[in-house]
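User: I've got a model open and I'd like to learn how to read it feature by feature. Can you walk me through it?

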Amino acid sequence: QRAYATTMAELALSCPVMRQLRARFADEGTFVEQLDRPRADGCRLSFLADEGAVRAVASYVMTELLFSGRFCYVDDLVTEETGRSLGYGGALFDWLVAEARAAGCVNFQIDSGVQRFAAHRFYLAKRVVIGSHQFSLALYAFRRAPRPRGRSGEKSGERGAGGGGGG
């Protein structure tokens with residue numbers, strides 16, 4: 001059974017499986033709260049359940065950019081640890097590809113940590129090609145961004161030379 005996780009209860013049910021990939025979600029409340037912001041921007045969470053238990057979870061968004069046109073970007077795809085190699089991840093992957101096609105996407109993209117060799121073998125077996133290297137720069141360590149700076153570049157209430165550079 002594949003379903004969109006739309007209710008708080010469905011989102012919370014997906015948390016134990018997602019936590020196997022994203023350990024920072026200590027509890028369902030933190031997980032659901034974190035999902036609120038991306039969901040407001042179109043992120044979806046879907047899951048595959050079997051025998052009453054969530055077996056695989058995916059978070060993804062359908063969007064459009066200049067370089068690729070309309071595409072489906074899968075942020076996370078995780079199969080419950082004891083269900084790996086039983087077809088759950090493959091079934092959810094195939095469903096995501098079908099959803100992307102139905103939504104008019106011309107491209108399907110998924111990122112994978114460089115250390116996740118088993119995931120890489122899975123994606124390559126699904127005929128996904130390594131189309132580019134993704135570079136990232138951590139700006140904040142999974143916390144809310146700071147308040148915007150004032151016109152001078154200083155945080156409100158902050159005094160000093162301002163400016164920047166130097167080092």
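Analyst: We'll go from the overall fold to a helix, the cores, a pocket and a few backbone details. Keep in mind that this is a predicted model.

User: Fine. How many helices and strands are there, and in what pattern do they come along the sequence?

Analyst: Start with a list of elements before looking at any packing. Here the chain has four helices and five strands, and reading along the sequence gives β-α-α-β-β-β-α-β-α. Of the 167 residues in the chain, 32% are buried. Then look at contact range: taking contacts between residues at least 6 apart in sequence, 53% join residues at least 24 apart.

User: Let me try a helix. Which residues of α1 are buried, and what covers them?

Analyst: The general idea is that an α-helix has 3.6 residues a turn, so residues three or four places apart point the same way. In α1, the buried residues are Leu11, Ser14, Cys15, Val17 and Met18. Their cover includes α2 (28-40), β2, β3 and β4. As a geometry check, α1 (residues 8-19) has twelve residues and reaches 16 Å from first C-alpha to last, close to the 16 Å expected.

User: Now the cores. Which elements give two or more residues to the largest nonpolar core?

Analyst: In soluble globular proteins, nonpolar side chains tend to be buried together. Here the largest nonpolar core has 19 residues, and Tyr60, Cys72, Val74, Leu77, Leu92 and Leu96 have the most contacts inside it. The elements giving two or more residues to this core are β3 (53-65), β4 (69-79) and α3. Helix α3 provides the largest share, seven residues. Apart from this core lies another of 17 residues, among them Val17, Leu35, Ala49 and Val78.

User: What is cysteine 72 in contact with, once its neighbours within four places in sequence are left aside?

Analyst: Cysteine 72 is in contact with Tyr60, Val61, Met62, Ala100, Cys105, Asn107, Phe108 and Gln109.

User: On to pockets. What volume does the second largest pocket have, and which element gives the most to its lining?

Analyst: With a pocket, go from volume to centre to lining. The second largest pocket has a volume of about 840 Å³. It is lined by 23 residues, and the closest to its centre are Ile110, Val129, Ile130, Gly131 and Ser132. Strand β5 gives the most to the lining, with four residues. At least two lining residues each come from α3 (88-102), β5 (107-110) and α4 (117-125). By class, the lining has twelve nonpolar, nine polar and two charged residues.

User: Where does glutamate 51 lie, and is it buried or exposed?

Analyst: For backbone oddities, check phi, then location, then accessibility. Glutamate 51 has a positive phi of about 50 degrees although it is not a glycine. This residue lies in the loop between β2 (44-50) and β3. Glutamate 51 counts as exposed because its relative accessible area is 73%, over the 50% cut-off. Arginine 127 also has a positive phi, about 70 degrees, and is not a glycine either. Arginine 127 is found in the segment after α4 and is exposed, at 75% relative accessible area.

User: And how far apart in space are glycine 87 and arginine 55?

Analyst: For a pair like this, set sequence separation beside distance. Glycine 87 and arginine 55 are 32 residues apart in sequence and 9.8 Å apart in space, C-alpha to C-alpha. Glycine 87 sits in the loop between β4 and α3 and is partly exposed, with a relative accessible area of 44%.

Key. Residues numbered from 1 in each chain as written. Predicted model: local features only at pLDDT ≥ 70, side-chain atom pairs only at ≥ 80, totals over all residues. Heavy atoms only, no water. 1 Å grid on protein atoms, 1.4 Å probe; cavity = no way out; pocket = protein on both sides within 12 Å on 5 of 7 lines; lining within 4 Å. Points joined across faces, edges and corners; volume = space filled by probe spheres on them. Nonpolar A, V, L, I, M, F, W, Y, C, P; charged D, E, K, R; others polar. Core = buried A, V, L, I, M, F, W, Y, C linked by side-chain atoms within 4.5 Å. Buried < 20%, exposed > 50% of the residue type's maximum accessible area, 1.4 Å probe, protein only. Contact = heavy atoms within 4.5 Å. Expected span 1.5 Å × (residues − 1).
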